[in-house]
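Subject: Structure handover

Hello,

Please find below the structure I am passing on to you. My notes on it follow underneath.

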Amino acid sequence: MTDSNNENVPSRQRKRFPGISSRAYEHPADRSALVALRKLSGFDTVFKALSGLLPERSLRLLFLSDSVRVSDAQFAHLNTMLRDACYILDLEKVPAMYVTQDPRPNAMCIGLDEPIIVVTTGLVELLDEEEMRAVVGHEVGHALSGHSVYRTILLFLTSLALKIAWIPLGNFAIMAIVTALREWFRKSELSADRAGLLVGQDLQASMRGLMKIAGGNHLHEMNVDAFLEQAEEYEAGGDLRDSVLKILNVLPRSHPFTTVRAAELKKWAASRDYQRIMDGHYPRRTEDKDTSVSDSFRESASHYAETVRTSKDPLMKLVGDIAGGAGDLGGKLRDKFTTAAGSSSGSGSGGSSGGSEANGNGSGPASENGSGGGQGES
C-alpha cells in the first residue's frame with residue numbers, strides 16, 4: 001500500500017518521517033550488526049531459499065486459521081494504529097496483523113518473505129490506546145529494520161536446539177548461535193522501542209506501557225520516576241558477584257529487562273539525535289546503500305566505550321579502571337571480592353541467605369523468559 005492510498009491519519013497531529021531509514025533509530029550495536037549482515041552478498045537470499053525448512057508457511061497458516069486478522073472489520077482500532085504507524089515511518093506495504101488468544105501480554109514481528117505482526121489478547125486488554133500505539137510502532141520498527149527475518153531464524157534455531165538436545169555437540173553448536181542472536185536481538189529491542197516512540201510521539205505513554213508489562217494493570221499503584229529509580233538501583237547496586245549474576249540472568253532472555261528498556265528510552269528521548277529526527281534531519285533509505293560497515297562498527301565501539309566509562313555497574317567500572325591504567329586486573333579483582341566476602345562473612349548465616357536469594361532471582365527471569373513468559377516480545 002502506498003502513501004497515496006493511505007487515508008488514515010493519526011488521531012492527533014503527529015510528525016511524519018518520509019523516506020526515513022531504520023538507521024535513524026537503530027541502537028549502535030544493532031545497527032552495526034545489521035549493516036554487516038546486509039553487506040554479505042546473498043545472505044538474505046540464502047536464508048529465504050531455506051524457507052521450506054523454516055516454519056514460516058506453517059506459522060502463517062496457523063495464525064490465519066486460529067487467530068483474528070486485523071482489518072477494517074475486525075479490531076478496527078488496531079488496524080487504524082497499524083496504518084498510522086506505517087504512514088508515519090513511511091513503510092510502503094502494511095504488514096498483516098493478527099490478534100491471538102493468550103492472557104500473557106506479548107507481541108512479535110516474524111516472517112522471511114513478508115513480515116507479520118502478532119499481538120496477544122493479554123496485551124490488547126492491558127494497554128490503553130496511546131500505549132498500544134507505541135507497541136504497534138515498535139513492531140513496525142522491527143519490520144522496517146528487517147528484524148523479522150533474523151527473529152524467525154532465532155525461533156527456528158531455538159526450536160531445533162530443543163529437538164536435538166540429546167546430541168551434545170550438535171546442541172552446543174546451535175546454542176552458541178542462538179546465544180549470539182539473542183545478544184543482537186536484545187539490542188534490536190532497544191531500537192524498536194525508539195521506533196515506537198517516533199510513532200506514538202508520547203514518552204509518557206511508552207513509559208506507562210513498559211511499566212504495565214512489568215507490573216500489570218495497576219497503573220494507579222505505580223510511578224514512572226520510581227520505576228526508573230529501579231533501573232538506576234539495578235545498574236549501580238551490589239558488588240562484582242551481582243554483576244556476574246546480572247549477566248547470567250540476561251543470557252537466556254531475548255529481551256532486555258523492562259526497567260533497563262525504560263531508562264534507555266528516556267535517555268534517547270532526551271538526546272540530540274532524537275531531537276534532530278523530530279526536526280526532520282535524519283538519514284534516508286536512499287542513502288542506505290552507501291552505508292559504511294567500518295563506520296558503523298566504529299560508532300558501535302564508541303558507544304560501548306562510553307557505556308563502560310559512564311556505567312555505575314561494579315564490573316563495568318572495574319573494566320573502565322583497568323582500561324584507563326588505574327591498576328592491575330588481579331589486584332583489583334582480589335580487592336573487590338575480598339571486600340565483598342568480608343562483608344558477607346560478618347553477617348554469618350545472613351550472608352548465606354542472601355546468596356540463596358540471589359540464586360533464586362537468577363533462575364526466575366531465565367525460566368520465565370525461556371518459556372515465553374509475559375515479559376516477552378513487545
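Which residue of S4 does Ile-110 stand opposite? The residue is Ile-116 in S4. Please keep in mind throughout that this is a predicted model.

The sheet

That pair belongs to an open sheet of 4 strands, ordered S1-S2-S4-S3, with mixed pairing. Strand S1 (68–69) and S3 are the edge strands, each pairing on one side only. S4 runs antiparallel to S3, and 4 bridges join the two. S4 also runs parallel to S2, with 5 bridges between them. In that pairing, Val-99 has Val-119 of S4 as its bridge partner. As background, strands of a sheet pair through backbone hydrogen bonds, in a parallel or an antiparallel way.

S3 and S4 form a hairpin with 5 residues between the strands, and there Gly-111 takes a positive phi near 125 degrees.

S4 itself is largely enclosed by the rest of the structure, because 5 of its 5 residues are buried. In a regular strand, side chains alternate between the two faces of the sheet. Here both faces of S4 are covered: Ile-116, Val-118 and Thr-120 are buried on one side, and Ile-117 and Val-119 are buried on the other.

Helix H6 and its neighbours

H6 lies across S2, S3 and S4, and runs at about 20 degrees to S3. Two helix pairings of H6 are worth describing in turn.

With H4, the axes come within 9 Å and cross at roughly 50 degrees. That angle makes H4 oblique to H6. The crossing of these two helices is right-handed. On the H4 side the contact is made by Leu-78, Met-81, Leu-82, Asp-84, Ala-85 and Cys-86, and on the H6 side by Glu-129, Met-132, Arg-133, Val-136, Gly-137 and Val-140.

With H9, the axes are 8 Å apart and the packing angle is about 85 degrees. H6 and H9 are therefore roughly perpendicular to each other. Here Glu-130, Glu-131 and Ala-134 of H6 meet Ala-205, Ser-206, Arg-208, Gly-209 and Lys-212 of H9.

Salt bridges

Side chains of opposite charge can pair when their charged atoms come close. With a cut-off of 4 Å between a side-chain nitrogen of Lys or Arg and a carboxyl oxygen of Asp or Glu, the count is 13 salt bridges. Three of them are described here.

Glu-114 pairs with Lys-93, and their closest N and O atoms are 2.9 Å apart. This salt bridge links distant parts of the chain, 21 residues apart: Glu-114 is in the loop between strand S3 (107–110) and strand S4 (116–120), while Lys-93 is in the loop between helix H4 (76–88) and strand S2 (96–100). Glu-114 has a relative accessibility of 39% and so counts as partly exposed.

Arg-208 and Asp-128 also form a salt bridge, at 3.2 Å from N to O. Arg-208 lies in helix H9 (residues 203–215) and Asp-128 in the loop between helix H5 (121–126) and helix H6 (129–145), so this pair ties together parts that are 80 residues apart in sequence. Asp-128 counts as partly exposed because its relative accessibility is 31%.

Within H6, the side chains of Arg-133 and Glu-129 meet in a salt bridge of 3.3 Å, N to O. These two residues are 4 residues apart in the helix, so about one helical turn separates them. How do the two partners differ in accessibility, buried or partly exposed? Arg-133 counts as buried, at 2% relative accessibility, whereas Glu-129 is partly exposed, with a relative accessible area of 43%. Both belong to one network, in which salt bridges with shared partners join Arg-14, Asp-84, Glu-129, Glu-130 and Arg-133.

Phe-75

One last residue sits in the loop between S1 and H4: Phe-75. Its relative accessible area of 30% makes Phe-75 partly exposed. Leaving aside residues up to four places away in sequence, Phe-75 touches Val-68, Val-70 and Val-99. Val-99 is also the residue whose bridge partner in S4 is Val-119. Between Phe-75 and Val-124 the C-alpha to C-alpha distance is 10.0 Å, with the two residues 49 apart in sequence.

Regards

Definitions and conventions:
Residues are numbered from 1 along each chain as its sequence is written. This is a predicted model: local features need pLDDT of at least 70, side-chain atom pairs count only at pLDDT 80 or more; totals for chains, interfaces and linings use all residues. Side-chain values use heavy atoms; hydrogens and water are left out. Buried means under 20% relative accessible area, exposed over 50%, partly exposed in between (1.4 Å probe, protein chains only). Two strands pair if DSSP finds at least two bridges between them. Axes are lines fitted to C-alpha atoms, for helices over the stretch in contact, and angles run from 0 to 180 degrees between N-to-C directions. Angles under 35 degrees count as roughly parallel, over 145 as roughly antiparallel, 65 to 115 as roughly perpendicular and the rest as oblique. A crossing is left-handed if the near helix is turned anticlockwise from the far one by less than a right angle, and right-handed if clockwise. Contact means heavy atoms within 4.5 Å.
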